[in-house]
Amino acid sequence: MKKRPELLAPAGNLEKLKMAILYGADAVFIGGQQFGLRSRAGNFGYDEMAEGVAFAHARGAKVYVAANMVTHEGDIEGAGEFFCQLRDIGIDAVIVSDPAMIEVCLTEAPGLPVHLSTQASATNYETLRFWQEEGLERIVLAREVSMEEIKEMKRQVDVEIETFVHGAMCISYSGRCTLSNHMALRDANRGGCAQSCRWKYGFFEADELLSDEMVARDEEPFSMSSVDLAMVRHIPDLVEAGVDSLKIEGRMKSIHYVATVCNVYRQVIDAYCDDPDGFVFDPAWEEEIWKAAQRELATGFYYGVPTENEQLFGKPRVIPQYAFAARVISYDASTQLATLEQRNHFRRGEEVEFFGPGFVRFTQKVDELYDEMGAVIETANQAMMTVRVKVEQPVATDFIMRKRKACAVNTPVPSQV
Amino acid sequence: MMIQLVTTAQGVEQAEALMMAGSDRIYIGEATYGLRHKGDWSLEAVREVTAIAHRYGKEVTVAVNNLMHNHQIETLPDYLAALKSIGVDSVTAGDPGAIRLIRNANIPYWYDAQTLVTSARHIQFWGKRDAIGAIAAREVTLTELGLIQQQIGLPVEVQVYGPTCIHHSKRPLLTNYFNEIGRPSDGAQKREYYISEPSDAASRYPVYEDENGTHVFSEDLTLMGQLPVLLKGGLHTWKLEGWHAGDAFVDIVRLFDKARSDLLNGRFDRHVMERRFAELQPERFRLGTGLLLRNPEEIK
């Protein structure tokens with residue numbers, strides 16, 4: 001039996017928060033209406049936060065609020081009141097990177113724990129020591145830190161460490177890239193990142209004369225686009241290194257993504273921590289992870305400096321994509337009928353997969369499909385319509401039905417930190 | 001009224017020429033602890049340039065502004081002890097762990113966390129922790145810089161010339177690219193490379209790779225025309241980055257030195273100075289003002 005690290009999941013809205021927790025997250029991070037870096041993510045008002053906190057706390061889970069904006073003059077107004085509100089709502093911690101914001105939080109909202117955001121690029125044990133002395137409870141490490149460096153930090157300093165285990169990544173040190181500011185007038189450190197790193201750039205070399213184009217236009221242009229992080233195969237290393245919290249990126253990601261990824265990591269963490277010596281990696285976990293993948297996957301800086309193979313060049317490989325087809329509202333064991341809330345178009349005869357918390361999953365064809373009144377229908381083609389489907393194995397409320405959709409590829413999604 | 005010209009230098013000889021041309025403070029460093037300095041700045045060279053600077057009543061600042069990993073933080077105390085014994089006037093630093101050690105070593109430091117230094121309150125946080133000044137993010141507009149300087153007693157450094165770093169990745173992005181296109185990568189650290197953005201084929205952003213990863217620079221900034229605004233706004237620490245200015249850099253610094261005295265004597269002629277400056281600027285690098293003259297509201 002090993003000490004279990006926290007599984008921390010993103011929650012772009014209340015529904016995602018609930019699903020993340022139902023699918024195994026020990027904690028979720030959300031954004032408020034202000035001071036965050038996800039201006040386009042569905043952010044939480046105070047009432048929704050309170051509802052989220054009540055739901056989480058009833059299930060022994062925690063809720064953190066990301067307030068990791070790098071503030072300019074005027075931006076910080078109201079931050080003290082904001083932090084006090086969060087504390088009074090029962091938010092378990094805030095994730096902050098700007099020292100000005102940290103100071104406001106520590107002085108004006110005492111009692112609200114502060115975690116240092118990865119935006120602050122903490123990369124050494126003295127930095128951990130500094131922030132611990134300032135009163136922070138946890139440090140989210142920079143993604144450039146290796147497994148060996150984490151072990152050394154744990155030997156040197158007794159402060160909680162959180163690291164990213166899954167999701168999209170900045171290719172730069174987080175916070176140290178303003179390509180978007182200069183090229184698109186959008187401030188990367190205030191939630192406006194235009195993902196300029198993933199653009200295709202012309203490439204030139206200086207010679208004695210002037211700059212001449214070195215690479216012909218039909219060759220591969222220069223780009224700085226990173227593949228995504230996936231540490232699913234390396235959870236034992238992270239547990240042994242003493243990491244306290246394992247973070248999944250993606251407040252902009254779908255419910256399907258959050259549920260799938262949480263479900264897998266919950267399994268892996270529990271399997272290892274319950275029986276470290278008997279642990280065997282189940283290939284089904286990785287297969288499942290790929291159903292939510294949007295780019296190629298790699299291990300970042302944990303085991304070395306990423307090469308060209310961990311960047312996206314050329315034509316991306318096609319990765320089968322899965323859509324969130326429906327959510328199970330209820331299940332009647334006597335009739336084997338599941339009542340579903342439709343989320344994406346599906347039809348009779350189509351192959352679908354049901355999955356639920358605890359890594360329950362099975363595939364079947366949609367043979368019997370009925371509308372709310374019990375009439376046979378051919379397609380579920382209206383958003384949020386209620387339908388019934390005969391299922392081959394038992395399901396339960398909040399199971400998800402997914403279907404494979406037309407293949408999409410490594411398309412950028414606005415979701416990195 | 002003291003206006004301080006801070007200049008990079010790529011060797012002891014250039015440093016001395018820059019001091020003669022009007023530089024008040026030479027800013028140097030090497031890649032283990034500092035970010036993006038050309039030239040061989042071994043401790044021996046630091047010692048030499050510091051002796052020269054002090055003879056002329058000038059200062060030396062050494063860059064300790066890297067994002068330190070464990071192996072760098074482990075050896076940093078020895079490096080700081082050496083800088084202390086040489087008698088350098090100050091260092092720059094933005095890594096809180098490095099700052100912790102710098103304060104222990106009792107060396108004055110300028111707070112320099114690059115793109116993150118964007119507000120008065122942020123600078124004051126480090127002022128309370130012994131910073132003697134701060135290097136503002138180059139993404140902060142002139143309007144905001146004025147507001148920041150108004151609120152604090154510490155000097156805020158503004159870049160008046162040269163390119164600034166707009167992207168720092170720990171990855172070897174040039175080597176990776178060369179490997180991807182099947183070109184030998186041994187030249188990745190030796191030549192000069194540039195990228196152009198998709199919507200602006202004439203743009204040239206320098207890209208540079210070293211042991212700290214990959215660095216993308218902006219186009220060359222210049223505030224020659226805005227020096228009166230800086231003076232009026234109390235922004236009296238002017239940084240000039242000579243990254244790729246070559247031999248022209250000394251003349252450029254000399255021109256900024258003249259601009260300073262013209263300003264203080266009430267004889268500054270913006271148009272003449274801008275024209276003379278444009279003549280010195282290496283032709284292949286376009287000049288711009290980055291985000292400095294933007295309305296803060298324009299940046300979303």
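A:Ser330 is exposed, because just 12 other C-beta atoms lie within 10 Å of its own, and the cut-off for exposed is 12 or fewer. This residue sits in strand β13 (residues 319-332) of chain A. The model is predicted. The points below start at A:Ser330, then turn to chain A, its domains, the contact with chain B and the domains of chain B.

**Around A:Ser330**
- Leaving aside residues up to four places away in sequence, A:Ser330 touches A:Thr339 and A:Thr397.
- A:Phe399 is 69 residues away from A:Ser330 along the chain. The C-alpha atoms of A:Ser330 and A:Phe399 are 9.1 Å apart.
- Strand β13 of chain A, home of A:Ser330, spans residues 319-332. Domain 2 of chain A covers 319-408.

**Chain A as a whole**
- Chain A holds ten helices and 21 strands.
- The radius of gyration of chain A is 23 Å. A compact globule of 417 residues would come near 22 Å, so the value for chain A agrees with that of a compact globule.
- Along the principal axes, the C-alpha atoms of chain A fill a box of roughly 70 × 60 × 50 Å.
- Of the 417 residues in chain A, 52% are buried.
- Among contacts in chain A with a separation of 6 or more, 68% join residues 24 or more positions apart.

**Domains of chain A**
- The domain assignment splits chain A into domain 1 (6-173 + 225-310) and domain 2 (319-408).
- The C-alpha centres of domain 1 and domain 2 of chain A are 31 Å apart.
- Domain 1 of chain A gives 13 residues to the contact, and domain 2 of chain A gives nine.
- On the side of domain 1 of chain A that touches domain 2 of chain A, the elements giving two or more residues are α1 (14-22) and α9 (255-274) of chain A.
- Helix α9(A) has the largest share of that side, with five residues.
- By class, that side of domain 1 of chain A has seven nonpolar, five polar and one charged residues.

**Contact between chains A and B**
- In this contact, 58 residues of chain A meet 56 residues of chain B.
- Five elements of chain A each give two or more residues to the side that touches chain B: α4 (99-108), α5 (125-134), α6 (147-156), α7 (179-184) and β8 (202-206).
- Helix α5(A) gives the most to this side, with six residues.
- The side of chain A that touches chain B divides into 25 nonpolar, 17 polar and 16 charged residues.
- Strands also pair across the two chains: β8(A) and strand β9 (residues 193-197) of chain B run antiparallel, joined by four bridges.
- Within this pairing, A:Phe203 has B:Ile195 of β9(B) as its bridge partner.

**Domains of chain B**
- The domain assignment gives chain B a domain 1 (4-164 + 219-293) and a domain 2 (165-217).
- A distance of 24 Å separates the C-alpha centres of domain 1 and domain 2 of chain B.
- Domain 1 of chain B puts twelve residues into the contact, and domain 2 of chain B puts in twelve residues.
- On the side of domain 1 of chain B that touches domain 2 of chain B, five residues are nonpolar, four are polar and three are charged.

Key:
Residues are numbered from 1 along each chain as its sequence is written. Chains are lettered from A and ligands numbered from 1 in the order in which they are written. This is a predicted model: local features need pLDDT of at least 70, side-chain atom pairs count only at pLDDT 80 or more; totals for chains, interfaces and linings use all residues. Domain bounds come from an automatic or database domain assignment. Two residues are in contact if their C-beta atoms, placed from the backbone, lie within 7 Å. Ala, Val, Leu, Ile, Met, Phe, Trp, Tyr, Cys and Pro count as nonpolar, Asp, Glu, Lys and Arg as charged, and the others, Gly among them, as polar. Two strands pair if DSSP finds at least two bridges between them. A residue is buried if 20 or more other C-beta atoms lie within 10 Å of its own, exposed if 12 or fewer, and partly exposed in between; C-beta atoms are placed from the backbone. The radius of gyration is taken over C-alpha atoms; the globule rule is 2.2 Å times the number of residues to the power 0.38.
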